[in-house]
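This report describes selected local features of one protein chain. Please consult the sequence and the structure shown here.

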Amino acid sequence: MTTTISSTPSSTPVPSASSDVPRQLLIGGDWVDAIDGRTFATDDPATEETIVEVAHGAAADVDAAVAAARAAFEDPAGWSSFTPRQRAHLLWRIGDLIESHADELATLEALDNGKPFAGARDGDVAVAAELFRYFGSLAMNIEGTTIPVSLPTPHLAYTVHDPIGVVAGIVPWNFPLLMATFKIAPALAAGNTVVLKPAEQTPLSALRLGSLLLEAGLPAGAVNVLTGFGDAGAALVAHPGVDKVAFTGSTEVGKKIVAAAAGNLKKVSLELGGKAPNVVFADADLAKAIAGSAHAAFFNQGQCCVNGSRMYVERSVFDEVAAGVNEIGAAMRVGAGLDPSTDMGPLISEEQFTKVLGYVESGLRDGATVLGETGRVGDRGWFVRPTVITDVREDMAIQREEIFGPVVTIVPFDGVDEACRLANATRYGLAAGVWTKNIGKAHQVAARLRAGTVWINSWHADDIVLPRGGYKESGWGRELGSVGLDDFMETKTIMVDLAE
């Protein structure tokens, strides 16, 4: 049975009023109050208590941040003057600083987001450090090409890659530090400047990252951090001084960004929602498939766009697999992120808590069945039990819409064709998974699944060298890997007449 455990253990360092975490906006290398002086509270989702107040940026602050980023980009003695090797060395230094402050950054994530401290430190923070190192190395390997041309007189034709300019990075609350790194590291590696807008629910790690960037020696204005709400994000997206928007978040907001970006036809890359199908065949290693499917469903409190939230299980093993996933979920310890025995933390907010339980209730009204228990854990904090739902129809909201919580639906299927048809019957296409010992079948099914990432006999196995992104309404473009720089650069063709 799922249990709640105590809140912050006294042995874990907790940021306080004397913490190094800034509370202001980072604009042009300086920490400044919002122009109108407003602040807002960021809360601990495990206790519902305020951690600290931070600056409430708005449209006027967006203007200032974009102007600072533009000045840093165009200053011939500023960020633009850094050679590829200098950019690489600085990005490596940032990675080292993140690693040396791993416990502090993980504590911030556990407090502000609610996720377990160990996972934040060994996952989010460690990967963030590696991303700066990885893209630092790529900064020295941005190469053009020479292209033979067929003209009556001799010409030399070659390409070069230029930075786009000012990048607006808008990131979600489920992986605050990591998603900020997804935008900042490749943008800087390519020579751009950045205005980062973290989610209003989780501003603290982004602000601390901003101070580490300054400590590393990043020139003033190369990265600006603007905390605020949706109005600030909307002003940033529509701003004529922004050349590109890199956004991770919901599909609905992504569509609004596309519309707002039309003013100056700024570049847009989007990693959006998902409703990933997880297909388990009867010939799979069922113990491995059950454990992997539970991880796929409940990782990061279910608040992950590539989670396997729709399971399709071959009918002959349906009962065994469903019971196994439910058993793992029921045994997970739900509690505060700073408690070392926690397996799953709280949801991010009351709004998300209400949304997730609302989906469960709607499924029950529509005739679905919950295996075991569901609902709230405890009487304080936004804790929800891992929930397994069966007797699901494809027209139910819980099957069609992204819930973004620790809820997984399980549906039986008969045969490969039905499995692929059901898996692809979604407007999303971010991730998918296949479990089978038949390697030929595994590859054939993976080829038929319309998703940007397909896992075979695993889930959440990942590496920063791999591109990630989605099909259909799960987004535009790809992040990470060597192709992760492409969306942050322009390609220029140069033709030289060599005739004497």
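Buried means under 20% relative accessible area, exposed over 50%, and partly exposed in between (1.4 Å probe, protein chains only). The model is predicted: local features need pLDDT of at least 70 and side-chain atom pairs pLDDT 80 or more, while totals for chains, interfaces and linings use all residues. Residues are numbered from 1 along each chain as its sequence is written, and side-chain values use heavy atoms, without hydrogens and water.

**Positive phi values**

Most residues other than glycine have a negative phi. Two residues with a positive value are listed below; helices (H or I, at least four residues) and strands (E, at least two) are DSSP runs numbered from the N terminus.

| Residue | Phi | Loop between | Relative accessibility |
|---|---|---|---|
| Glu48 | near 70° | strand 4 (39-44) and strand 5 (49-55) | 34% |
| Leu480 | near 70° | strand 20 (475-476) and strand 21 (489-497) | 4% |

Glu48 therefore counts as partly exposed, whereas Leu480 counts as buried.

**Helix pair**

The axes of helix 3 (residues 102-112) and helix 4 come within 8 Å and cross at roughly 120°. Helix 3 is therefore oblique to helix 4. Axes are lines fitted to C-alpha atoms, for helices over the stretch in contact, with angles from 0 to 180 degrees between N-to-C directions; under 35 degrees counts as roughly parallel, over 145 as roughly antiparallel, 65 to 115 as roughly perpendicular and the rest as oblique.

**Loop residue**

Val149 lies in the loop between helix 4 (117-139) and strand 6 (155-163). With a relative accessible area of 34%, Val149 is partly exposed.
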